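Biologist: Please take one part of this chain and go through it closely. I would like to know how the pieces around it pair and pack.

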Amino acid sequence: MNFNDFNLHPCIMEGVNALGYTEPTPIQSKAIPVALQGNDIVGLAQTGTGKTAAFVLPILQKLMPGKRGQVRALIMSPTRELAEQTCTAINKLGKKTGIRSIAVYGGVSISQQVINLRNCAEIVVACPGRLLDHIWRGTVDLSHIEILVIDEADRMLDMGFLPNIKSILDCIMQKHQTLLFSATMPKEIRRLTEDILTQPLNIQIGETAPAETVSHALYPVKQHLKTALLMEILYQIQKESVIVFTRTKHRAEKVADELKKAGFKAASLHGNLSQIRRQSAIDGLRRGSIKVLVATDIASRGIDILSITHVINYDIPECADDYTHRIGRTGRINNNGDAWTLVTAADTGMIRDIEKILKSTIERKTIQGFDYTIAAPVGERVRYERKPARSDAQTSRQSAGRELRNKMFNNRRPAIAKAI
Ligand code: AMP
């Protein structure tokens with residue numbers, strides 16, 4: 001099958017060709033023809049499978065005829081990053097169509113959004129909270145919605161957005177087509193699909209398992225040596241783009257600070273940062289000015305940067321599904337990626353869960369030359385400092401790495417904050 005088989009409008013095909021898509025991915029092959037016929041869909045697909053285009057292309061096709069200047073398609077996204085990314089995909093695929101989209105989310109000025117909404121985009125990509133705000137203010141008109149997408153539905157559930165989504169759905173009175181995508185299918189989402197979709201076609205792409213293009217490894221280490229080991233690993237994989245996941249905002253900030261002090265081009269990404277800082281961290285990683293992004297699970301779904309070569313779990317995730325999402329940031333669409341997890345003795349149960357979904361044992365690895373025996377000093381917080389740069393940058397980095405191994409810090413585990 002190729003894209004010509006979908007009989008998409010030539011303006012849309014220009015976008016497809018400009019992006020260099022030659023063959024539809026499996027979810028696109030299955031979902032696009034069904035969506036084009038106007039049917040509802042429940043799509044169960046793993047991350048990085050090309051599901052954005054699977055709903056964006058039918059939306060563009062549906063909106064090509066018909067009135068412009070009113071909101072006719074609504075895509076609901078759990079995070080601002082995913083909303084922005086979806087808008088970017090729409091702008092690229094729909095570049096020649098004249099169809100406009102805007103992203104609507106909290107954390108930024110609402111007045112600019114009001115103006116943009118008044119200027120009448122045809123597609124709104126929105127996070128539920130801010131969209132409700134607009135509905136209450138009367139600054140968005142949903143009475144012309146023809147097609148609704150609920151993206152990352154399970155993530156919406158995790159983030160407590162389900163009541164908001166139901167309130168928004170109550171405001172769309174007219175008949176419309178609904179496409180719901182989710183990486184997993186918890187019972188609340190199953191129930192939602194039963195309530196809001198009409199005879200949907202269920203599409204499942206493989207199992208909701210981690211991407212096969214990713215190879216996995218565990219690095220057992222004591223908690224107090226994690227940062228030193230992380231740095232040692234980063235020295236060895238220099239020049240690559242890496243996302244490091246921590247479990248808390250506090251730890252993401254702290255680890256990013258320590259990496260910056262050690263000379264890495266690092267930035268943090270978590271829910272306490274302003275939207276401008278969040279976006280600039282992602283843009284930096286995309287452009288290459290940031291090499292290491294230290295993030296909470298807020299980044300585990302919304303980031304689509306093909307150049308990410310490694311995901312390093314500084315902290316093992318809280319559940320196996322989160323592991324799938326985190327490691328889905330690498331190995332995207334036929335690229336290879338590495339997923340490495342720093343593990344302590346406390347992580348045994350979660351390792352078992354992850355190996356269960358991978359259906360194989362993950363190799364345990366050690367870093368040659370790293371001193372794993374250093375004890376945690378009591379009451380002293382270790383600071384990492386890089387040695388002054390020598391003429392040979394590589395030698396300098398490696399020796400700085402060895403230097404760091406000899407520094408220690410205490411094991412003050414911050415309380416695990418649920419919020420990301
Ligand atoms: P998604 O799962 O929608 O986040 O897409 C993951 C990545 O795959 C994005 O970088 C898309 O641009 C890319 N992609 C989507 N569809 C195709 C395709 N048919 N061929 C090649 N790349 C694609």
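Modeller: What follows starts from the seven-stranded sheet and the helices beside it, and then turns to other parts of the chain.

The model is a predicted one. Its chain contains 16 helices and 14 strands. Of its 420 residues, 56% count as buried. Among the contacts in the chain with a separation of 6 or more, 77% are between residues 24 or more positions apart.

The sheet is open, and its seven strands pair in parallel in the order E10-E11-E9-E12-E13-E8-E14. Strand E10 (266–269) and strand E14 (363–364) are at its edges; each has a single partner strand, so one side of each lacks a neighbour in the sheet. At the E14 edge, strand E8 (residues 214–220) runs parallel to E14 and is joined to it by two bridges. In that pairing, Ala-217 is opposite Glu-363 of E14.

Two helices pack at the other edge strand, E10. Helix H11 (residues 249–261) packs on the sheet and touches E10 as well as strand E11 (292–295). The direction of H11 makes about 170° with that of E10. Helix H12 (residues 275–287) lies across four strands: strand E9 (241–245), E10, E11 and strand E12 (308–313). Relative to E10, H12 runs at about 135°.

H11 also has a helix partner, H10. The axes of H10 and H11 come within 11 Å and cross at roughly 55°. At that angle H10 is oblique to H11, and the crossing is right-handed. On the H10 side the contact involves Lys-226, Thr-227, Leu-230, Met-231 and Leu-234. These meet Arg-251, Val-255, Glu-258 and Leu-259 in H11. Sorted by class, the residues of this contact are five nonpolar, one polar and three charged.

The spacing on the H10 side can be set beside a general point. An α-helix has 3.6 residues a turn, so residues three or four places apart point the same way.

Helix H10 (residues 226–236) has ten of its eleven residues buried, so the rest of the structure largely encloses it. The buried set is Lys-226, Thr-227, Ala-228, Leu-229, Leu-230, Met-231, Glu-232, Ile-233, Leu-234 and Tyr-235. The charged residues Lys-226 and Glu-232 are therefore among those counted as buried.

Strand E6 (residues 177–182) can be described in the same terms: six of its six residues are buried, so it too is largely enclosed by the rest of the structure. Both of its faces are covered, with Gln-177, Leu-179 and Phe-181 buried on one side and Thr-178, Leu-180 and Ser-182 buried on the other. Strand E1 (residues 41–45) pairs with E6 in the parallel sense over four bridges, and Leu-44 is opposite Ser-182 of E6. Strand E5 (residues 147–150) also runs parallel to E6, joined by four bridges. There, Leu-148 has Thr-178 of E6 as its bridge partner.

A further helix pair is H2 with H3. The axes of helix H2 (residues 26–36) and helix H3 (residues 51–63) come within 9 Å and cross at roughly 25°. The two are therefore roughly parallel to each other, and H2 passes H3 in a right-handed crossing. From H2 the contact takes Ile-27, Gln-28, Ala-31, Ile-32, Ala-35 and Leu-36. From H3 it takes Lys-51, Ala-53, Ala-54, Leu-57, Pro-58 and Gln-61. By class, these residues divide into nine nonpolar, two polar and one charged.

How values were computed: Residues numbered from 1 in each chain as written. Predicted model: local features only at pLDDT ≥ 70, side-chain atom pairs only at ≥ 80, totals over all residues. Heavy atoms only, no water. Axes fitted to C-alpha atoms, helices over the stretch in contact; angles between N-to-C directions. Parallel < 35°, antiparallel > 145°, perpendicular 65-115°, else oblique. Left-handed = near helix turned anticlockwise from the far one by under 90°. Contact = heavy atoms within 4.5 Å. Pairing = 2+ DSSP bridges. Buried < 20%, exposed > 50% of the residue type's maximum accessible area, 1.4 Å probe, protein only.
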